[in-house]
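Work through the exercises below with the model open beside you, and try each task before you read its solution.

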Amino acid sequence: MESTQRDVIFISHANPEDNAFTAWLGSRLSDLGFKVWADILNLRAGQDWQRLLENAIRDRATKVLVVGSQTGLDKQGVRNEIQIANDVAKKIGDKNFLIPLRLEQYEAPFSLVHIQYIDFSKSWALGLANLCDTLENEYKVSRDFGKSSYLAKLWQDTFVSRSSQVESKSETLISNWLKIESFPKFLFYYECQDLFIDRQTLDASITSMTYPNVKYKSGILTFSSFSDVNTSRSPQIGWKLVSKIATSKFQLDGWHSQKIRRGDARRFLMNLTRQALELMLSGKHMTSYVFANEQLGWWFDIDACPESYVKYNWGESISGKRKLIGSSRKKGNHWHYGVTLRPSLFPIPHVKLIHRVIFTVDGKTPITSLPRMHRMRRSFTKSWRNDRWRDMQHAFLYFISGGYDHMSVRTASDSYIRLRLPAMQINSPFSVDENIDVAAFPLEEVEVDLDEVFNSEEFQDGEDFDDLYF
């Protein structure tokens with residue numbers, strides 16, 4: 001019969017490789033009221049940590065979480081802890097005593113093969129939600145929200161000591177938003193003059209138009225002037241101007257005379273903006289790639305952008321250089337930085353840049369296997385920090401704008417959407433101490449060898465993948 005209360009969740013993990021995840025998970029579970037133990041806790045000097053660990057598993061643990069990374073499961077210390085946990089599970093008759101947490105694909109040891117894991121590989125937050133639901137509702141692990149407990153304080157101190165420190169000094173933060181400074185002054189509604197034209201011919205005429213437009217009723221909404229609309233390539237049909245409205249009023253109130261509500265007006269405006277942006281990128285010799293969610297990513301092939309470093313200089317605080325294209329010398333395969341542009345009016349008019357990476361077989365032809373493309377992106381960019389993405393964003397914007405502090409996106413022969421460059425900056429009254437414990441957070445920026453990525457078995461075509469997302 002058990003003489004002590006089993007009320008502790010024990011985390012088995014690789015040290016130091018999985019310390020960052022363990023510190024995050026332990027602090028979150030502790031904040032949610034669970035009692036948590038792991039070997040990264042800041043215990044007092046002189047304590048026999050090995051004995052405390054084993055005792056925690058044998059006498060105090062109600063569940064043992066195994067951080068599932070290949071590095072961790074290859075370590076003898078982790079395997080020893082799994083063996084002890086298996087012995088305890090048999091002793092107390094709990095077949096669910098061990099709970100694997102999958103951070104990445106791994107080859108599970110025999111003792112874990114039959115156990116259902118909780119997936120953290122796509123999202124730590126989603127994994128935490130599923131874990132908490134399993135612990136509380138399925139396994140009935142009790143929680144205590146007393147923040148004054150000894151373990152809660154240990155986790156709080158541990159997480160703070162292994163994290164960057166918040167300091168009371170100002171810092172400039174760079175976003176991935178491009179501010180829309182202005183739209184064209186007027187928006188126009190045109191209808192076809194031929195009331196008996198067939199739908200196919202009308203659609204063909206609309207599609208052939210040079211500048212952005214959206215269908216509405218029996219006509220179109222556009223920023224284009226009368227001459228622009230009536231000089232479309234083919235087929236030639238006549239259009240008449242029905243009405244026009246100030247774009248600012250359209251954005252704020254909709255268009256009452258045309259029965260366009262405010263919400264629909266904003267969607268129309270963003271549709272026109274997206275079309276204008278894509279026409280601009282196409283005009284700069286960029287290539288589009290359709291992702292699994294049907295969003296377009298835009299990238300340069302090797303004929304449109306140099307493989308060498310692209311320099312950027314928007315003043316002393318924003319200057320440097322970055323590559324937008326890289327390659328594998330042996331295979332001739334390439335990676336390409338790309339973007340998806342998503343316009344929005346909330347909370348201010350802006351265009352959000354979503355970072356992408358495209359892989360090609362020759363610098364021009366994208367890899368056709370979507371599962372392979374997806375897995376390569378996750379593996380290849382997993383060590384890229386935010387500053388790397390930020391600098392590639394700077395280089396990209398500087399390259400396509402010619403180094404100007406704004407970009408005019410044509411919407412008609414005589415009208416533009418004006419964007420401010422570089423991306424919006426935010427002045428924060430607080431900053432983060434850059435002296436990070438690298439041993440606890442191994443996020444060194446490493447150039448990944450594309451030869452290794454392409455030759456890896458997990459990237460060979462024909463493998464089945466459960467979930468694909470970008």
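The exercises that follow concern a predicted model, and they go from the sheet to one of its strands and then to a single serine.

**Exercise 1.** Establish in what order the strands of the open sheet are arranged, and identify its edge strands.

*Solution.* Begin with the pairing, which is parallel in this open sheet of 5 strands, and read off the order as β2-β1-β3-β4-β5. Then look at the two ends of that order, where β2 (35-37) and β5 (118-119) each pair on one side only and are accordingly the edge strands.

**Exercise 2.** Describe how β1 is joined to β2 and to β3, naming residue partners, and follow the chain from β1 to β2.

*Solution.* Take β2 to start with: strand β1 (residues 8-12) runs parallel to it and is joined to it by 3 bridges. Within this pair, Ile 9 has Val 36 as its bridge partner, while Phe 10 stands opposite Trp 37. Turn next to β3, which also runs parallel to β1 and is joined to it by 5 bridges; here the bridge partner of Phe 10 is Val 64. Finally, trace the connection from β1 to β2, which passes through helix α1 (residues 19-31) and forms a right-handed β-α-β crossover.

**Exercise 3.** Decide whether the faces of β1 are covered or open, and explain what the burial of its residues implies.

*Solution.* Sort the residues by side: Val 8, Phe 10 and Ser 12 lie on one face, Ile 9 and Ile 11 lie on the other, and all of them are buried, so that both faces are covered. Then consider the strand as a whole: because 5 of the 5 residues of β1 are buried, the strand is largely enclosed by the rest of the structure.

**Exercise 4.** Locate Ser 69, classify it as buried or exposed, and list what its side chain reaches.

*Solution.* Place the residue along the chain, where Ser 69 belongs to the loop between β3 (61-68) and α3 (70-74). Its relative accessibility is 4%, and since buried means under 20%, Ser 69 counts as buried. Now examine the side chain, which makes a polar contact with the side chain of Asp 18 at 2.7 Å and reaches the backbone nitrogen of Gly 72 at 3.1 Å. To complete the surroundings, leave aside the neighbours within four places in sequence; Ser 69 is then in contact with Asp 18, Glu 104 and Tyr 106.

Note on methods: Residues numbered from 1 in each chain as written. Predicted model: local features only at pLDDT ≥ 70, side-chain atom pairs only at ≥ 80, totals over all residues. Heavy atoms only, no water. Helix = DSSP H or I, 4+ residues; strand = E, 2+ residues; numbered from the N terminus. Buried < 20%, exposed > 50% of the residue type's maximum accessible area, 1.4 Å probe, protein only. Polar contact = N/O pair within 3.5 Å; in protein donor to acceptor, adjacent residues only side chain to side chain. Contact = heavy atoms within 4.5 Å. Pairing = 2+ DSSP bridges. Right-handed = clockwise from strand over helix to strand, strands pointing away.
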